[in-house]
Amino acid sequence: MSSSQRITEYERKRLENIKRNDELLASLKIKSKLADLSSSAKRHRAETKSYKLSPEKKARSETPIVIRRSLRTQGKAPDLSGLKDDFSEPTKKSTTLKSQVSPNQSPKKLEPISMRDANTCSESDELLVNKILSVCKGSGLDGDGDGDGERKCRVRVSVDLESMELAPENVARVVPNRILSVKFFPSAGLRMVVVGNKFGNLGFWNVDLDNEDGDGDGIYLYQPHPSPVSAILIHPFSLNKIITSCYGGLVRSLDVEKETFGLVYSTEHAIFSMAQQPDDANNLYLGEGHGVVNIWDERSARSSFSWELHDSRINTIDFNPENTNMMATSSSDGTACIWDLRKIGKSKPKSLKVITRERAVHSAYFSPSGDRLATTSLDDKIGVLGGANYEDEFMLYHYNQTGRWLSSFKGVWGWDDSYIFIGNMKRGVDVISTLQQRLVTTLESPHMTAIPCRFDPHPFYPGMLAGATSGGQVYIWT
DNA sequence: TGAGGATTTAGGATG
DNA sequence: CATCCTCCAATCCTCA
């Protein structure tokens, strides 16, 4: 008994060491790259091992793992030169460590990072940059900015579930490890997904490039963040800006033209969620720390509002597409709330509606029409609100215990109000019909070799659904 | 009442 | 194929 306890405590300390080293490596990526070069034998082994994915993708996506491990697995001590004593006392308790680290974080993280410096796949990303820029220009960013604007955000149609399938070429390992966020580029001219993982990596996968005659596989990997990427935003009105947030409290904005991950915002609190109103690309709604929603005006670079809306972390923030003053939040305090931004009040926030569940609520999303709200909770229920004032609700049992290693399930809407898509623990995608109020089908495929946890429907390609796993894979159903 | 331990869990790496 | 390693979730539990 006592010996096992001692072991676990030793383990904890060791893990703290490893974690620190990882952060260190992240901030000293160039050095670890050099170290990687000197360990070609290791790299060779990593590249030749096999699992069921297309070989080119595998080799590329493997690289960052090797990079991250190289120092450690070589048995070398991490290079501490140039660092403050923050990291020099490995057995320090985590509490004291936190108080040391958080006030003055590594200054490197607070500056803009060029795409080149953040690139961890050591592959030219010219194609990626050009592709995005061509779409930005092509889709009339400078031209017709008015009337059609709203319609351009997404298409709203019903899809035939039977026709949805997963082609083997639409499977790729885009990043190492667990994916927390996945987002399609909201443009009709592009089929590209962006995913963020636990290490702070951002992976791009241009599916079209993949299908064309082999100039690379269309996968690009960066590390703009030191910690898990909690949200990715690409506003359809400013396509050349990709905004990402992380648990470490940073918000970065990738300016594709400047090829720089700029720093938009930083806080000592974790950022668990982030959203924008569909009609406003300037204000960021940040779910911070223990239940605060902070509105950050990107243009003036200051906070315009900050409310304490929940008692625990806010897992999602979402807006009603038809009434963008209506905001829904879901929280680990066991509630989901609907707020009217015009009536929220300054000091004492008052919600339009509170949904109380038995466990943490992991998502609350408005349907494409805005008439319904779908919530997913750890109490193993999916709830769908409807009615003029969201007074009707039906609940459906859905097993949501993803455990420790998987990202939590979040039911997302498809291309109209009829279906909700959510992963299940048997490597399938459950589809729930709001009309029939039941599970109508499950998308399954032998190519789906891991559990899809996070989803995003392509706003302009009905039936195109990206699913992301805790192993870094992305599946694109079409 | 809060801090901190124990426990659960899937996927990839390793041998 | 079996075993080890992951180790910023969430919950229940115990102990100060």
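**Entry 1. The β25–β26 turn**

I began with the hairpin that β25 and β26 form, in which four residues lie between the two strands. Glutamine 437, in the turn, has a positive phi of about 55 degrees. I note here that the model is predicted, and I read every value below as computed from it.

I then looked up the pairing itself. β25 and strand β26 (residues 438-443) run antiparallel and are joined by five bridges. Aspartate 430 has threonine 442 in β26 as its bridge partner.

**Entry 2. The other side of β25**

I turned to the preceding strand. Strand β24 (residues 419-424) runs antiparallel to β25, with six bridges between them. Isoleucine 420 has isoleucine 432 in β25 as its bridge partner. The hairpin of β24 and β25 has three residues between the strands, and arginine 427 takes a positive phi near 60 degrees there.

How many of the six residues of strand β25 are buried? I found that six of the six residues in 428-433 are buried, so this strand is largely enclosed by the rest of the structure. In a regular strand, side chains alternate between the two faces of the sheet. I therefore checked each face of β25 separately, and both are covered. Gly428, Asp430 and Ile432 are buried on one side, and Val429, Val431 and Ser433 are buried on the other.

**Entry 3. The sheet with β2 and β27**

I looked up the order of an open sheet of four strands and recorded β2-β29-β28-β27, with antiparallel pairing. The edges are β2 (171-173) and β27 (452-457); each has a single partner strand, so one side of each is left without a neighbour in the sheet. On average, neighbouring strands of this sheet are turned by 20 degrees against each other, direction ignored.

At the β27 edge, I found five bridges in the antiparallel pairing of β27 with strand β28 (residues 465-469). Proline 457 stands opposite leucine 465 in β28.

**Entry 4. The sheet β15 to β18**

I recorded another open sheet of four strands, in the order β15-β16-β17-β18, again with antiparallel pairing. Here β15 (314-319) and β18 (353-356) stand at the edges; each has a single partner strand, so one side of each lacks a neighbour in the sheet. Neighbouring strands are turned by 15 degrees against each other on average, direction ignored.

Strand β17 (residues 335-340) pairs with β18 in the antiparallel sense over four bridges. Isoleucine 338 has lysine 353 in β18 as its bridge partner.

I also consulted the UniProt record, an unreviewed entry, which lists residues 307-342 as "repeat: WD". In the model this span is 0% helix and 56% strand, and its end C-alpha atoms lie 13 Å apart.

**Entry 5. Cysteines**

How many disulfides does the model contain? I recorded zero disulfides. A disulfide is a covalent bond between the sulfur atoms of two cysteines. I examined cysteine 153 for the reason: the closest cysteine sulfur, in cysteine 136, is 15 Å from its own, too far for a bond, given a cut-off of 2.5 Å. Cysteine 153 is buried, at a relative accessible area of 19%, where the limit is under 20%. Cysteine 337 also counts as buried, at 4% relative accessibility.

**Entry 6. Serine 227**

Is serine 227 buried or exposed? I located this residue in the loop between β6 (219-222) and β7 (229-233). Serine 227 counts as buried, at 12% relative accessibility. Leaving aside residues up to four places away in sequence, I found that serine 227 touches Asn197, Lys198, Phe199, Gly200, Cys246, Tyr247 and Gly248.

**Entry 7. The whole chain and its confidence**

I noted eight helices and 29 strands in chain A. Of its 478 residues, 54% are buried. Among contacts between residues at least 6 apart in sequence, 53% join residues at least 24 apart.

The mean pLDDT of chain A is 78, and 72% of its residues reach 70 or more. Among the elements of the chain, I found the lowest mean pLDDT (27) in helix α3 (residues 40-48) and the highest (98) in strand β23 (residues 412-413).

Residues 1-15 stay under 50 in pLDDT, and the model gives them zero contacts beyond four places in sequence. Over residues 140-150 the pLDDT is also below 50, but this stretch has seven contacts beyond near neighbours in sequence. Where pLDDT is low, the predicted coordinates should not be read in detail.

Technical notes
Residues numbered from 1 in each chain as written. Chains lettered and ligands numbered in written order. Predicted model: local features only at pLDDT ≥ 70, side-chain atom pairs only at ≥ 80, totals over all residues. Heavy atoms only, no water. UniProt positions renumbered as here; feature names shortened; annotations may be inferred. Buried < 20%, exposed > 50% of the residue type's maximum accessible area, 1.4 Å probe, protein only. Pairing = 2+ DSSP bridges. Axes fitted to C-alpha atoms, helices over the stretch in contact; angles between N-to-C directions. Contact = heavy atoms within 4.5 Å. pLDDT = per-residue confidence, 0-100.
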